[in-house]
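Work through the following exercises with the sequence and the structure side by side. Try each task before reading its solution.

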Amino acid sequence: MSPAAPGAATLPAPGWSPDSWRRLPARQLPDFEDAAHLSRVEARLRGYPPLVFAGEARALQAELAAVAEGRAFLLQGGDCAESFAEFHPDTIRDSLRVLLQMAVVLIFGAGTSVVKVGRLAGQFAKPRSSPVERQGEVELPSYRGDIVNALDFTLAARRPDPERQLQAYAQAAATLNLVRAFTEGGYAALSRVHDWYLGFVGETPQARLYQDAAARISEALGFMAACGVSGDSTPAVARTRVYTSHEALLLGFEEAMTRVDSTSGAWYNTAGHLVWVGDRTRDPAEAHVEYLRGIANPLGLKAGPSLDPDGFVRLCDALDPRREPGRLTVITRFGQDGVARHLPPLLRAARREGRRLVWACDPMHGNTVTSDSGLKTRRFERILGEVEGFFAAHAAEGTHPGGLHVEMTGQDVTECTGGSGDASDAGLPARYRTHCDPRLNAAQSLELAFLLADRLRRMRRTA
Ligand code: PEP
Ligand code: CO
């Protein structure tokens, strides 16, 4: 079968339609007070242009098929929650820069090709562990992401407002437009590898390592140009693809962005290339899995400690019944202490079922703690610990540790602690800007990429 196998996706899933999820129980959806207002907004969204195209989603699936076969590595990263407040061209450029830098470190350091996917241009809606938030004597509805309500702790701010979906759409469109301009207009060309340098990473060891790698890449490009391989002759040198992804959580919005592809006749979510189902909404009998099973995009499945092998197999059958290469990426998030216990049984279940999947490690969501200051944080060393455990489990089972899924930003935030800069708990309030979970800053992201490249290189050597 060809990797993309797009033909298979043309079969409509039995009993599925873009709104068939509405017949099933759904978790984590906001209570909108005015149903008519919500319907009007969804009707408007249905008339808005697609943000991504079916052919692009198929191209991503073909790239992910290479990851499933062990020939490439998936790098997926970006905000926990994009926010209206942080929307700025510099923020987008800087996040993209760090993603490109991380990819270069992996390509150059580990000799692997890298599939780049941003948690951006649509990553707005958030699942919450509790529907309410209490501060002192006051209890209000939880913040559910800027596409639903606002972060301020007032009743007015926390009221779900459908109009926000239109603003989220506009922000996603503008973000994606800038990403496309950067990646296709030459900025992401390998020859610009020095330009992605971020001043504020400063004199850290990672900055020096990066400059060193960049100098060697430039040298290699000079050699290749002399041999006749340049951006003019080889598109891969001049351009790169960065795909978009988000959690398909706010199903009314996702439904409105679901369109038939005229080429294949299949339904695609046109708000992102890849969409995933979160750890809290992945019940196969409920609405979120129902929605996802019918769209032809490549899908992600978040797998936390409560997912047992039987439940996992049921989800694979529901989300990838035709066993299409690259269709399903399992994003595991067990925490440093849970990965050795929870990951191997899933790897074995996949083997028993004869499934070739993309396995990506999300070392963020199982390692969140509340610091003494009351802010949510994650320790760099624990993030690294889960990545190490992920590699060890795959090495023991003979499977491909296919990717990394991180919450990161190009900004110099103080949200995660540790790393070679030794960010401390006490320093968290200085530049704590996330609307939801703590992100790796630029220096920490780069440090993680270098450590990962090292790990991948060692793995290749032993193989
Ligand atoms: C997330 O990725 O932001 C998230 C909420 O993850 P999970 O569903 O794995 O908890
Ligand atoms: Co998060």
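**Exercise 1. State how confident the prediction is, and find where the confidence is low.**

Begin with the average: the protein has a mean pLDDT of 93, and 96% of the residues score at least 70, where pLDDT is the predictor's confidence in each residue, from 0 to 100. Then turn to residues 1-9, over which pLDDT stays under 50 and for which the model has 17 contacts beyond four places in sequence; a contact means heavy atoms within 4.5 Å. This is a predicted model, in which local features need pLDDT of at least 70 and side-chain atom pairs count only at pLDDT 80 or more, while totals for chains, interfaces and linings use all residues. Residues are numbered from 1 along each chain as its sequence is written, chains are lettered from A and ligands numbered from 1 in the order in which they are written, and side-chain values use heavy atoms, with hydrogens and water left out.

**Exercise 2. Identify the protein donors of the cobalt ion (ligand 2) and place them along the chain.**

First list the donors, which are N, O and S atoms within 2.8 Å of the metal (3.2 Å for Na, K and Ca), with water not among the atoms, so that sites may look incomplete. They are Cys80 through SG, His365 through NE2, Glu407 through OE and Asp437 through OD, at 2.1 to 2.4 Å from the ion. Next read their spacing along the chain, which is C-x284-H-x41-E-x29-D. His365 belongs to the loop between strand S11 (358-361) and strand S12 (369-370), whereas Glu407 belongs to strand S14 (residues 403-407), so this pair ties together parts that are 42 residues apart in sequence. Here helices (H or I, at least four residues) and strands (E, at least two) are DSSP runs, numbered from the N terminus. Finally, both His365 and Glu407 are buried, a word that stands for under 20% relative accessible area, with exposed meaning over 50% and partly exposed in between (1.4 Å probe, protein chains only).

**Exercise 3. Describe the surroundings of ligand 1 and its polar partners.**

Start with the residues around ligand 1, counted when one of their heavy atoms lies within 4 Å; among them are Cys80, Arg119, Trp276, Asp279, Lys302, His365 and Glu407. Then look at single atoms: one oxygen-to-side-chain distance, to an N or O atom of Arg119, is 2.9 Å. For Lys302, an N or O atom of the side chain is 2.8 Å from an oxygen atom of ligand 1, and for Asp279 it is a polar backbone atom that is 2.8 Å from an oxygen atom of the ligand.

**Exercise 4. Trace the nonpolar cores and the helices H9 and H10.**

A nonpolar core is a set of buried Ala, Val, Leu, Ile, Met, Phe, Trp, Tyr and Cys residues joined through side-chain atoms within 4.5 Å. The largest one holds 103 residues, and those that touch the most other members are Tyr210, Leu292, Phe312, Leu319, Trp359, Leu404 and Leu440. Helix H3 (residues 89-110) gives this core its largest share, 11 residues. A second, separate core of 15 residues includes Leu64, Leu74, Leu274 and Trp276.

Now follow helix H9 (residues 287-294), which is mostly covered, with 7 of its 8 residues buried. These buried residues, including Val289 and Leu292, pack against several elements, among them strand S8 (274-277), strand S9 (299-303) and H10. The buried residues of H10 include Phe312, Leu315 and Leu319, and their cover includes S8, H9, S9 and helix H11 (339-352).

**Exercise 5. Compare two residues with positive phi: which is buried and which is exposed?**

Most residues other than glycine have a negative phi. Ala121, however, has a phi near 55 degrees and is found in the loop between strand S2 (113-119) and strand S3 (132-135). Its relative accessibility is 2%, and Ala121 therefore counts as buried. Asp422 also has a positive phi, near 55 degrees, and its place is in the loop between S14 and H13. At 54% relative accessibility, Asp422 counts as exposed.

Conventions:
Polar contact = N/O pair within 3.5 Å; in protein donor to acceptor, adjacent residues only side chain to side chain.
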